[in-house]
Every structure is written in C-alpha cells, then in structure tokens.
Amino acid sequence: MNPLRAVKGMNDVLPDEMAQFRRVEEAFARTMRLYAFREVRTPIVEPTNLFVRAMGETTDVVGKEMYSFLHHEDPLTLRPEGTAGAVRAYIEHGVGQKEPVTRWWYLGPMFRAERPARGRYRQFWQAGAEIFGEAGPACDAEMIDLLVRYLVELGVPDARVYVNSLGGAEARPRYRSALVDHLRPRAAALSPDSQRRLDANPLRILDSKDPRDIEAVKDAPVMLDLLPPDDAAHFAELRQHLDGLGTPYEVAPRLVRGFDYYTRTLFEIKGATAKLGAGDTLVGGGRYDGLVEELGGGKVPAIGFSAGVERLIIASEAPQATQAVDAFIAPLGDAALGYALVLARDLRAAGAVTELDGRKASLKAQLRRASTIGARFALIAGDTEVSGNTVQVKDLAAHSQENVPRSDVVARLLARLEGGP
Ligand code: HAM
C-alpha cells in the first residue's frame, strides 16, 4: 500500500516551524489592536456564488483555481481569499446599520489550486484586514503605513510599496475600452493567454510576464492619465498623506490586481526576490467601493489588504526560537509515577513549564531526554524519595544536585528559575 501523503501544495506545519508562524501572527494581532481593528472569523467554506460574484467570473482564481464541490445540491467552495466572506458577514449581520465605520482583521487558511512553488501553495495562510465605511484617501494611507510598520517590526528587509489607481466605477470601463483599442490591432502578437483575456479581462494583460505581452502594452494608455478629476484627486491626496507620513512608495502605473472588485487605490508590497522567487508579493490590497452594494448591502465604501503568512516568514526568517522547558520529571518505578503526577501538576499550577516522563524508562534514558529538550531542571523520584517525601533536584545548567523536601520543591525551583540561590 502506498504511504499516505498530504495533498500536494498543502503543508504540515511542524512545531519547529510553528514558532515562526506564532511570531508573525502575534505581531500582526498586536498591530491590529493598536490600530483599533477587531478580529473576525468567517467560515472556510462559502457558497461558490459568493466568490463568482465578488471576484468576477473571468478572473484566474474563479476560473481555474477554486476548490469547489457539491454538497448534496449546494455548490460550495473552500475560500480562496478572505474579503468576499468578510463582506458577506458584514451585510448578513447588518453591521453597517450598527456602526458607521467597521475595522476588521482576520487570519486563516485560504485555498487556491495553483502550481506549487516556493512561497506559493494550495493551502496558505493570510493575515488580512478590511475597513468598511470610510471613503477618503487618509484611510488608504493609514493602511499602507500600518503595513510598512508591521514589516519593519517583523524584520523584513527591502520591502517596496507600489501604489496605483484604477479609477472608480465609471473610469474603469472607459480605461478598459482605451486599452482594448490599443491592443486589438496587436492581438496576433499577444500570448495565447492574453488573446483570450482581450475580451474577457483585458486589464490582466498589463500584469502578464510574457515578453510578447510586455512588448504590446509598452505604449498602451496609462490608467493614471485617464482618471476623472475625483479619482485623480483621491490618488493625489493619498500620495500627499503618504509623503506626510514619510512612508516610502513608488507609483506603479501598470499595477493591476487579480480581482474585479477593486476600484481606485491599489497597492502591493514586495519583498526581496532573491529570497522569495516568483512569490515575492507579500501583501496585496486596495479599495472596493462598489462590492458591498453589489453583494446586496448598502452603498458602503471599503478598503482592505491581505498578507501571505508563509511569505512573511520566508522574508523575515528570524532565528529559531526554542520553547523553554523549566522542569523535567523522571520517575523511577511504579510508586513514583503517581508521586510525579502530583508534583508535575503542582509545578504547572505555579507556572513552571513541566514535562513528565511516563515511559518507565531507565534513569539514563530519561536524563538524555531532559537534556535533548533543554530542560533547566531534572527532578528525579524513585522509591527512596517517595518514602522519604523528597525529590532529587538536578540543576542541568549549574551541574549540581540536591535532595529537597517535597514541600519545598516548588518554591525552591521557582526561586532558582528567577535567578535565586
Ligand atoms: P491576493 O493578492 O490574491 O489578494 O493575496 C494576498 C496575498 O496572499 C499575496 O500577496 C500573497 O502574499 C498571499 N498569497 C496569495 N496566493 C498565495 C499562494 N498560492 N500561496 C501563498 N501565498 C499566497 C487577496 O487575497 C485580497 N483578498 C486582498 C484584499 C483584501 N483586497 C482587499 N481586501
């Protein structure tokens, strides 16, 4: 029989690596709290139609990358991103009627059937946030600045911020036709993928890495040049705020993003390509002022972002943090096991991280284990200690050992852990 394996592109996170996840996730939660965001959790499975309507039928993710299935008659999908579910929850719970501004953050697994590579997986984790109810560019700038600060805190070197504007609901179709007018005469020279996109989703051609497409869009009209005055003012004000905050950024006139819901501000943050390869986009986000209404809610402007947790870990690789074990209890013989159980419970109640060896192994094997896990103390109890109501306390850092009355063990250990004699 073949050994069972995880699904391709879906990874186990073993404890050594888990420390890195915790570091990135806890720093994110801290940042979010500082900026007055509140955490939400939405289901991993949503109606397929939610993503089709939110992200657009012709996008790569909806067209090719969703894990969709029928449960009885219901078409369901493992969420490929978090925004659609957050918007659904926002509408479903009438949140907009209860508060004028909503700041939410989330963290969880997302699923896309992409070709796996370094930094690109089929199950991956996103840390994201959405602001509902603010239309102005100050909140766009605040979000970008927050991200830059977060990346500095994580120790991500060389993060570069790119911003662009797509224009609002009217500007987009206008730009789209200007682009198609430019590309149509060059259609034969486009890559086969982009020939298909020309009718379905021409903006994506701007994003293509294929040299034929890059050549064809070289002189294409630029979105920023065609923005109506309102949208241009929004973008100009965003830039002023970023300048005022001292947040470094670059304007990227060809930046487009994969989903149809975006309007106006778009941004991405990239890390060092040398480390990240093709998956060098750490964060993607933007405004989606029409989505809440499109999905059946009110006219509520919104903006958000998501960061790939695995990519943040690769980009910021910090030294491996080890999890300290204060006490390792080594019972010798059956009578000592019950004695050790109570001792372990007392130590944990006092806050000492304690591992109890229940293997009934030799003293040598147990001490080897204590040393492997880097325990500070090994507490040894055999028949003599149980009958004398004592414990042998071996300080593995100081290489000393003493016989301590059972009633003093917890206090003595805590004192020594705090640096006492
Ligand atoms: P996205 O650009 O599709 O945007 O994804 C955001 C981030 O998720 C990417 O920059 C990347 O770090 C990570 N990511 C995406 N796909 C993968 C993958 N296959 N493997 C590993 N990491 C990946 C969104 O998802 C939008 N919901 C962002 C947003 C929120 N816009 C407004 N609000």
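## A tour from strand 7 to the ligand

Start by selecting Ser165, which stands opposite Thr265 in strand 9. Keep in mind as you go that this is a predicted model.

Now widen the selection to strand 7, residues 160-165. Is this strand mostly covered or mostly open? Mostly covered: 5 of its 6 residues are buried. Add strand 9, residues 263-270, and you will see it pair with strand 7 in the antiparallel sense, over 6 bridges.

Next, show strand 8, residues 250-251. Here the pairing with strand 7 is parallel and runs over 2 bridges. To find one of the partners, click on Tyr162, whose bridge partner in strand 8 is Glu250.

Time to move to the ligand. How many residues surround it? Select the shell and you will have 26 residues, the closest being Glu81, Thr83, Glu114, Glu130 and Tyr262. Colour the shell by class to pick out 9 nonpolar, 10 polar and 7 charged residues.

Zoom in on the nitrogen atoms of the ligand. A polar side-chain atom of Glu130 lies 2.8 Å from one ligand nitrogen atom. For Phe305, look at the backbone: a polar atom there is 3.3 Å from a ligand nitrogen atom. Gly304 also offers a backbone N or O atom, 3.5 Å from a nitrogen atom of the ligand. Switch on a surface next: on its own the ligand has 660 Å² of accessible area, and the protein covers 95% of that.

Finally, highlight strand 6 (123-132), strand 10 (281-287) and strand 11 (302-308), each of which supplies at least two shell residues. Which strand gives the largest share? Strand 10 does, with 6 residues.

How values were computed
Residues numbered from 1 in each chain as written. Predicted model: local features only at pLDDT ≥ 70, side-chain atom pairs only at ≥ 80, totals over all residues. Heavy atoms only, no water. Near = heavy atom within 4 Å. Polar contact = N/O pair within 3.5 Å; in protein donor to acceptor, adjacent residues only side chain to side chain. Areas by Shrake-Rupley, 256 points an atom, 1.4 Å probe, with all protein chains shown as cover. Helix = DSSP H or I, 4+ residues; strand = E, 2+ residues; numbered from the N terminus. Nonpolar A, V, L, I, M, F, W, Y, C, P; charged D, E, K, R; others polar. Buried < 20%, exposed > 50% of the residue type's maximum accessible area, 1.4 Å probe, protein only. Pairing = 2+ DSSP bridges.
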